[in-house]
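Welcome, and thanks for opening the viewer. Keep a selection box ready, and we will walk through the model stop by stop.

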Amino acid sequence: MSPKSAQVLVLATGGLLVTYATLDARRGNVPAEQTYKRIYSSFLATVALGLAADLAPELVGPFAILIIVAAWARHKGAL
């Protein structure tokens, strides 16, 4: 996987995690404090994966895809 593809997947993964956190907050499934923690941890994970994508894109790209699939499965395709 090319470094550019891995970086795009990392950004898409971070955006998806933040989107799911805000969807849960709007539906009232989680309190505001937990929503803040989820958005903050999504940001930290995106930064960490982005740095790792610069060093080992062939490992980070598939890992980002795995995170996307896990988030989609957990929310049962809410998007």
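In which helix does Asp-24 lie? Select Asp-24 and you will find yourself in helix α1. Keep in mind on this tour that the model is predicted. We will come back to Asp-24 after a look at the whole chain.

**Stop 1: the whole chain**

Zoom out and colour by secondary structure. The protein chain has three helices and zero strands, and reading along the sequence gives the pattern α-α-α. Along the principal axes, the C-alpha atoms fill a box of roughly 40 × 20 × 15 Å. Of the 79 residues, 29% count as buried.

Now think about contacts along the sequence. Among contacts with a separation of 6 or more, 73% join residues 24 or more positions apart. If you switch on the surface, the chain exposes about 5,100 Å², and carbon and sulfur atoms supply 69% of that area. Colouring by charge brings up 7 positive and 4 negative side chains, and the centres of the two sets lie 11 Å apart.

**Stop 2: helix α1**

Select residues 3-27, which make up helix α1. Its 25 residues should span 36 Å at 1.5 Å a residue, and the end C-alpha atoms are 36 Å apart, so expectation and model agree. Just after α1 comes Gly-28, with a positive phi near 80 degrees.

Next, show the side chains of the buried residues of α1: Ala-6, Leu-9, Val-10, Thr-13, Gly-14, Leu-16, Tyr-20, Ala-21 and Asp-24. As you look down the helix, recall that an α-helix has 3.6 residues a turn, so residues three or four places apart point the same way. Which helices do the buried residues of α1 pack against? Add 32-55 (α2) and 57-74 (α3) to the view, and you have both partners.

**Stop 3: Met-1 and Leu-9**

Go to Met-1, in the segment before α1. Met-1 has 45% relative accessibility, so it counts as partly exposed. Setting aside residues up to four places away in sequence, Met-1 touches Ala-6, Leu-9, Pro-57, Glu-58, Gly-61 and Pro-62. For a sense of scale, draw a C-alpha distance from Met-1 to Leu-17: these residues are 16 apart in sequence and 22 Å apart in space.

From there, move to Leu-9, which is found in helix α1. With residues up to four places away in sequence left out, Leu-9 touches Met-1, Gly-61, Ala-64, Ile-65 and Ile-68. The C-alpha atoms of Leu-9 and Leu-49 are separated by 9.7 Å, although their positions lie 40 residues apart along the chain.

**Stop 4: helix α2 and the core**

Select α2 by itself. This helix has 24 residues and reaches 35 Å from its first C-alpha to its last, close to the 34 Å expected at 1.5 Å a residue. Show its buried residues as sticks: Thr-35, Arg-38, Ser-42, Thr-46, Leu-49 and Ala-53. What covers them includes α1 and α3.

Which residues form the largest nonpolar core? Select Ala-6, Val-10, Leu-49, Ala-53 and Val-60 to see its five members. The elements that give two or more residues to this core are α1 and α2. In soluble globular proteins, nonpolar side chains tend to be buried together. Centre on Val-60 and, beyond its neighbours up to four places away in sequence, you will see that it touches Val-10, Leu-49, Ala-52 and Ala-53.

**Stop 5: Val-18**

Back in helix α1, pick Val-18. Is Val-18 buried or partly exposed? At 30% relative accessibility, Val-18 counts as partly exposed. Apart from neighbours within four places in sequence, Val-18 is in contact with Ile-39 and Ser-42. A C-alpha to C-alpha line from Val-18 to Ala-64 comes to 14 Å, for residues 46 apart in sequence.

**Stop 6: Asp-24 and Arg-38**

Finish where we began. Asp-24 has 7% relative accessibility and therefore counts as buried, the cut-off being under 20%. Neighbours within four places aside, Asp-24 is in contact with Asn-29, Val-30, Arg-38 and His-75.

Follow the contact to Arg-38, found in helix α2. Arg-38 is buried too, with a relative accessible area of 16%. Display its contacts outside the four-place window and you will pick up Tyr-20, Ala-21, Asp-24, Val-30, Arg-74 and His-75.

Notes: Residues numbered from 1 in each chain as written. Predicted model: local features only at pLDDT ≥ 70, side-chain atom pairs only at ≥ 80, totals over all residues. Heavy atoms only, no water. Helix = DSSP H or I, 4+ residues; strand = E, 2+ residues; numbered from the N terminus. Expected span 1.5 Å × (residues − 1). Buried < 20%, exposed > 50% of the residue type's maximum accessible area, 1.4 Å probe, protein only. Contact = heavy atoms within 4.5 Å. Areas by Shrake-Rupley, 256 points an atom, 1.4 Å probe, with all protein chains shown as cover. Lys, Arg positive; Asp, Glu negative; His and termini not counted. Charge placed at Lys NZ, Arg CZ, Asp CG, Glu CD. Core = buried A, V, L, I, M, F, W, Y, C linked by side-chain atoms within 4.5 Å.
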